[in-house]
Amino acid sequence: MAFISSGTTILDNGAFSVGLGGLVLLSTQTASASASISFTSSIDSTYDSYMFKFINIHPATDDIAFQFNLSTDAGSNYNVTKTTTVFRTIHNEADTETELSYRTTEDLAQSTAFQTIMGFIGNDADQSVSGSLTLFNPSSTVFVKHFIANLNGYHSSNYTFNYFSAGYANTTSAVNAIQFKMSSGNIDAGTIKMYGIKGS
Amino acid sequence: MAVVSGGTTLIDNGALDAGVPTGSLILLSTQTASSSASLSFTSGIDSTYDSYVFKFIDIHPSADGANLMINFSTDGGSNYNVTKTTTRFYAYNGETSGFTLLGYLTGADLAQSTADQEFIRGIGSDNDQAGVGILHLFNPSSTTYVKHFIGRSSTAQSSDYAEDDYLAGYANTISAINAVRFQMSSGNIDDGIIKMYGVK
């Protein structure tokens, strides 16, 4: 049954024809002493971009990095070749140091390693990292897969760190899974949400 | 009455069916400035959402070169004086070519300060000048973690250049934040709209 109002089809064939919002929550995962968090379903051609939101990601180990990698085989392997850029700003609570700098030690050049999206996170009880990562058109079999991330973190030595990373997964295979982990130790706590973005 | 289309229930019992994919960016409040000393959001910031987005549409100051300032409250808006540590950097280009810069904004950041934080910077008060921006506030109701925020703004600056400003940091409190205030560094918010969204 279709529902048509003033000549406009509101719904038909089991779905709404009008927009109900462009940001659609697809999956929520909550860490609890987790070695990693992976999204191995729903990354497909339904949406042409996906956003991951990080809410208070808290590491078990002090002074480590939060990282991600991609998979083209639904999570059997996280080893997609990437070329990336990373820069950051920092400012300490003592107001003795500021910085805006490119991070030559945290970018990748045709590497299958995990990509750092926040470094040096503290594990004090109130320390964590929050932010977002957008992955563009992962199901393309024509183009490389671009990503852009921006996170803010609480550094182990009481700095605020703002990380900007971007780049591409240098593959024309469809990316269909993503994994997040710490460079050492577990993700002690925190939430990662995956959204599909309609019509982006 | 239920609305069923193509064998799929879309509406029933006064609400959309739970299986209908709906938007996750929920408009909670819109405030429009009209020679306003400040605009404050004192309700709707709670544990319903684990992140909030504020959008700033054509913020126009009464005083030339004024900055739009932010502060937070943990007591429902009685006091806006939460301790913050932040980073700032910017890029600009003058209408007269060759006047460009990318750099850290020393003096515009905060280190363990309860003062208002500058966000949209140096807005011109000519009739056609204004500033826009987006600010993300993560998990304000947490009683465990500091409260991260990330923002970016674009300004038609008072000296006739385009300025792109970045702000990030944390409100260094484990008390829940339940109100946010925006005001100019001098004069009023002559005109403009601020919208607050919750993100599911």
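These are my notebook entries on chain B of a predicted model.

**Overall form**

I began with the secondary structure, and found that chain B has 15 strands and 0 helices. I then looked up the extent of the C-alpha trace, which spans about 65 × 40 × 30 Å along its principal axes. Of the 200 residues of chain B, 51% count as buried, and the chain exposes about 8,000 Å², of which carbon and sulfur atoms supply 44%. For the contacts in chain B with a separation of 6 or more, I noted that 73% are accounted for by residues 24 or more positions apart.

**Charges and the surface patch**

I looked up the charged side chains next: chain B has 19 negative and 9 positive ones, and the centres of the two sets lie 7 Å apart. Where do negative charges gather on the surface? I found a patch of negative charge made up of B:Asp64, B:Glu95, B:Asp126, B:Asp128 and B:Asp160. I followed up B:Glu95, which is found in the loop between β8 (84-94) and β9 (100-104) of chain B. B:Glu95 has a relative accessible area of 66% and therefore counts as exposed, the cut-off being over 50%.

**Salt bridges**

Side chains of opposite charge can pair when their charged atoms come close. The count of salt bridges over all chains comes to 8, and I traced those around B:Glu118 and B:Arg121 in chain B. B:Arg88 forms a salt bridge with B:Glu118, with the closest N and O atoms 2.7 Å apart. This pair links distant parts of the chain, since B:Arg88 lies in strand β8 and B:Glu118 in strand β10 (residues 117-123), 30 residues apart. Both B:Arg88 and B:Glu118 are buried, and for B:Glu118 I noted a relative accessibility of 10%.

B:Glu118 also meets the side chain of B:Arg121 in a salt bridge, at 2.9 Å from N to O. Is B:Arg121 buried or partly exposed? Its relative accessible area is 22%, so B:Arg121 is partly exposed, as buried would require under 20%.

I then turned to B:Glu163, which forms a salt bridge with B:Arg121, the closest N and O atoms being 3.3 Å apart. Here too the pair links distant parts of the chain, with B:Glu163 in strand β13 (residues 161-171) and B:Arg121 in strand β10, 42 residues apart. B:Glu163 has a relative accessibility of 2% and so counts as buried. Salt bridges with shared partners thus join B:Arg88, B:Glu118, B:Arg121 and B:Glu163 into one network.

**Two single residues**

I looked up B:Ser24, whose place is in the loop between β3 (15-16) and β4 (25-36) of chain B. B:Ser24 is buried, with a relative accessible area of 1%. Which residues touch B:Ser24, leaving aside its neighbours within four places in sequence? From chain A the contacts are A:Leu23, A:Val24, A:Leu25 and A:Tyr195, and from chain B they are B:Gly198, B:Val199 and B:Lys200. B:Ser24 and B:Val199 are 175 residues apart in sequence, with their C-alpha atoms 5.5 Å apart in space.

My last entry is on B:Leu101, placed in strand β9 of chain B and partly exposed at 35% relative accessibility. Beyond its neighbours within four places in sequence, B:Leu101 is in contact with B:Tyr90, B:Ala91 and B:Tyr92. I also checked B:Leu101 against B:Phe182, and found them 81 residues apart in sequence and 27 Å apart in space, C-alpha to C-alpha.

How values were computed:
Residues numbered from 1 in each chain as written. Chains lettered and ligands numbered in written order. Predicted model: local features only at pLDDT ≥ 70, side-chain atom pairs only at ≥ 80, totals over all residues. Heavy atoms only, no water. Patch = residues over 30% accessible without salt bridge, like charges linked within 9 Å, V, L, I, M, F, W, Y side chains within 5 Å. Areas by Shrake-Rupley, 256 points an atom, 1.4 Å probe, with all protein chains shown as cover. Salt bridge = Lys/Arg side-chain N within 4 Å of Asp/Glu carboxyl O. Lys, Arg positive; Asp, Glu negative; His and termini not counted. Charge placed at Lys NZ, Arg CZ, Asp CG, Glu CD. Helix = DSSP H or I, 4+ residues; strand = E, 2+ residues; numbered from the N terminus. Buried < 20%, exposed > 50% of the residue type's maximum accessible area, 1.4 Å probe, protein only. Contact = heavy atoms within 4.5 Å.
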